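I'm opening a fresh page for a structure I haven't looked at before. My plan is to go from the whole chain down to single residues.

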Amino acid sequence: MAERRDDELLPGALLTGVRGRILRFYGKILDLIIIALIFVMLLTLFAAVAGLVLDVWATVLALRQETAVQNLVTDVLSVFVLIELFRTFTDYLEFHRIRLRVLSEVAIVFVLREIFIGLYAHRMDPSEILAIAVLLAVLVAARVAAVYFAPKHADMD
């Protein structure tokens with residue numbers, strides 16, 4: 001019977017020795033980086049909401065000028081994308097992994113943003129709409145599969 005060293009990485013075993021210390025240090029540094037990114041995302045989200053308020057004000061003053069309304073629509077949809085990205089970072093901090101369900105939701109929101117902007121600006125041709133619709137269907141299928149085949153762990157949801 002082979003002897004097991006204390007610093008071997010075994011599933012469910014406590015990490016000890018040099019390898020364990022290095023992995024714990026790496027995990028702490030990674031958590032600090034994610035916390036810093038969350039802080040930056042929070043500042044970005046506040047700036048986006050402030051920009052959105054200014055765009056609403058500019059749209060009201062412009063009395064429905066077409067470019068002002070397009071900027072407003074683009075900014076509102078961009079805030080939704082930022083909210084989903086913010087949720088991805090916070091989920092990573094909580095679960096220490098990026099879940100496919102959350103990542104596919106971010107991608108779906110981003111694709112929907114591009115569709116709405118393109119359709120609102122009347123600059124999408126039928127082949128582009130079809131290609132984006134196929135991409136959206138694949139992303140929705142990936143999200144459904146991620147929910148259906150999710151691991152059955154207590155810390156998942």
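Below are my notes, in the order I looked things up.

**Entry 1: the whole chain.** First, a reminder to myself: this is a predicted model. I looked up the helices and strands, and the chain has four helices and zero strands. Reading from the N terminus, I get the order α-α-α-α. Next I checked burial: 25% of the 157 residues count as buried. I also looked at how far apart in sequence the contacting residues are. Taking contacts between residues at least 6 apart in sequence, 60% join residues at least 24 apart.

**Entry 2: H3 against H4.** I picked one helix pair to follow up. At what angle do H3 and H4 pack? I find about 160° between H3, residues 100–120, and H4, residues 126–148, and their axes are 9 Å apart. An angle over 145 degrees counts as roughly antiparallel, so H3 is roughly antiparallel to H4. I noted the handedness too: H3 passes H4 in a left-handed crossing.

**Entry 3: who meets whom.** I then listed the residues where the two helices meet. On the H3 side I wrote down, among them, Leu 100, Ile 108, Val 111, Leu 112, Ile 115 and Leu 119. On the H4 side my list includes Ile 129, Ile 132, Leu 135, Leu 136, Val 140 and Val 147. Sorted by class, the contact of H3 with H4 has 16 nonpolar, one polar and three charged residues. Arg 101 and Glu 105 in H3 are in the contact, and so is Arg 143 in H4.

**Entry 4: Ser 104.** I wanted a closer look at one residue of this contact, and chose Ser 104, which lies in helix H3. Is Ser 104 buried or exposed? Its relative accessibility is 4%, and the cut-off for buried is under 20%, so Ser 104 counts as buried. Leaving out residues up to four places away in sequence, I see Ser 104 touching Leu 139 and Arg 143. Both of these partners are on the H4 side of the helix contact.

**Entry 5: aromatic rings.** How many aromatic pairs does the structure hold? I count one. The pair is Tyr 148 with Phe 149, with ring centres 4.7 Å apart and planes at 85°. Planes over 60 degrees apart count as edge-to-face, so that is what I call this pair. I checked accessibility for both rings' residues as well. Tyr 148 is exposed, with a relative accessible area of 61%. Phe 149 is exposed too, at 63%.

How values were computed
Residues are numbered from 1 along each chain as its sequence is written. This is a predicted model: local features need pLDDT of at least 70, side-chain atom pairs count only at pLDDT 80 or more; totals for chains, interfaces and linings use all residues. Side-chain values use heavy atoms; hydrogens and water are left out. Axes are lines fitted to C-alpha atoms, for helices over the stretch in contact, and angles run from 0 to 180 degrees between N-to-C directions. Angles under 35 degrees count as roughly parallel, over 145 as roughly antiparallel, 65 to 115 as roughly perpendicular and the rest as oblique. A crossing is left-handed if the near helix is turned anticlockwise from the far one by less than a right angle, and right-handed if clockwise. Contact means heavy atoms within 4.5 Å. Ala, Val, Leu, Ile, Met, Phe, Trp, Tyr, Cys and Pro count as nonpolar, Asp, Glu, Lys and Arg as charged, and the others, Gly among them, as polar. Rings of Phe, Tyr and Trp (its six-membered ring) pair if their centres lie within 6.5 Å; planes under 30 degrees apart count as stacked, over 60 as edge-to-face and the rest as tilted. Buried means under 20% relative accessible area, exposed over 50%, partly exposed in between (1.4 Å probe, protein chains only).
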